[in-house]
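Trainee: I'd like to learn how to read a few features of a protein model. Could we go through one together?

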Amino acid sequence: MRREVFVWVAVSGLTLLCSCGNAGSKISENQGDENKIIQGADGTISLKLDKAACYNDIVDPSGNTAEWDVVVSKSGRYNVWISSATKDTTNIKYNHPVLVSIQDNRLEGHPGCNKIILNSSDVTYPYFRADSFVGSMYIQDTGEFNIQVISEKILPEDYNQGNATSEDLSKLISVSFTPVVR
């Protein structure tokens, strides 16, 4: 009797394990394909914050993180730009540098107001879009990679609506990789 119970449990467990493994892989494959960012034909990689997997800590936002799965088809050197929604076009008030990482490459830079876009469709009044050059990065390989950005300005969409303080006047909205052409 004990042997029959053991065989029954082993066969049931093996069947359950095989069926769950197949269903799980199909689900993750489908979910992964729709969430991947594909590099543009001109080589540009545009990463919008609303398409990222975000991790936020309102108490200590210095470790807030956004991640994207990106398919890179062209290797080379890229200029990295951060776009922020801001009310103050002279100082976008990043207290800490922004960290951008892809594979083993890490880039750390303190965003400033390099370009102000007045009528951007990315933001609504009273905000302006401020583009900040963070630096350049070499992407050696092609394939699917995880790009991670860490910044205190990665905030939830509903954060501080209607009662923003002077420190909360800016919010990261996107990251762009533009190919360096020689």
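Trainee: Is Ser176 buried or exposed?

Mentor: Happy to help, and keep in mind that this is a predicted model. The word buried is kept for a relative accessible area under 20%. Ser176 has a value of 19%, so it counts as buried.

Trainee: Where does Ser176 sit in the chain, and which residues does it touch?

Mentor: Ser176 belongs to strand E11, which covers residues 170-179. Leaving out residues up to four places away in sequence, Ser176 touches Ile45, Ser46, Asn79, Val80 and Trp81.

Trainee: What lies over the face of Trp81?

Mentor: That is Lys115, at 4.5 Å from the ring centre.

Trainee: And how do I read aromatic pairs, and how many are there?

Mentor: A pair of aromatic rings is described by two things, the distance of the centres and the angle of the planes. In this protein the count comes to 1 aromatic pair.

Trainee: Now the wider view: how many helices and strands does the protein have?

Mentor: There is 1 helix, along with 11 strands. Starting at the N terminus, the order is α-β-β-β-β-β-β-β-β-β-β-β.

Trainee: What share of the contacts joins residues 24 or more positions apart?

Mentor: Among contacts with a separation of 6 or more, the share is 74%.

Trainee: Last one: what do burial and surface look like for the whole protein?

Mentor: Of the 182 residues, 33% are buried. The accessible surface is about 11200 Å², and carbon and sulfur atoms contribute 51% of that area.

Definitions and conventions
Residues numbered from 1 in each chain as written. Predicted model: local features only at pLDDT ≥ 70, side-chain atom pairs only at ≥ 80, totals over all residues. Heavy atoms only, no water. Helix = DSSP H or I, 4+ residues; strand = E, 2+ residues; numbered from the N terminus. Buried < 20%, exposed > 50% of the residue type's maximum accessible area, 1.4 Å probe, protein only. Contact = heavy atoms within 4.5 Å. Areas by Shrake-Rupley, 256 points an atom, 1.4 Å probe, with all protein chains shown as cover. Phe/Tyr/Trp six-rings, centres within 6.5 Å; stacked < 30°, edge-to-face > 60°. Lys NZ or Arg CZ within 6 Å of the ring centre and 35° of its normal.
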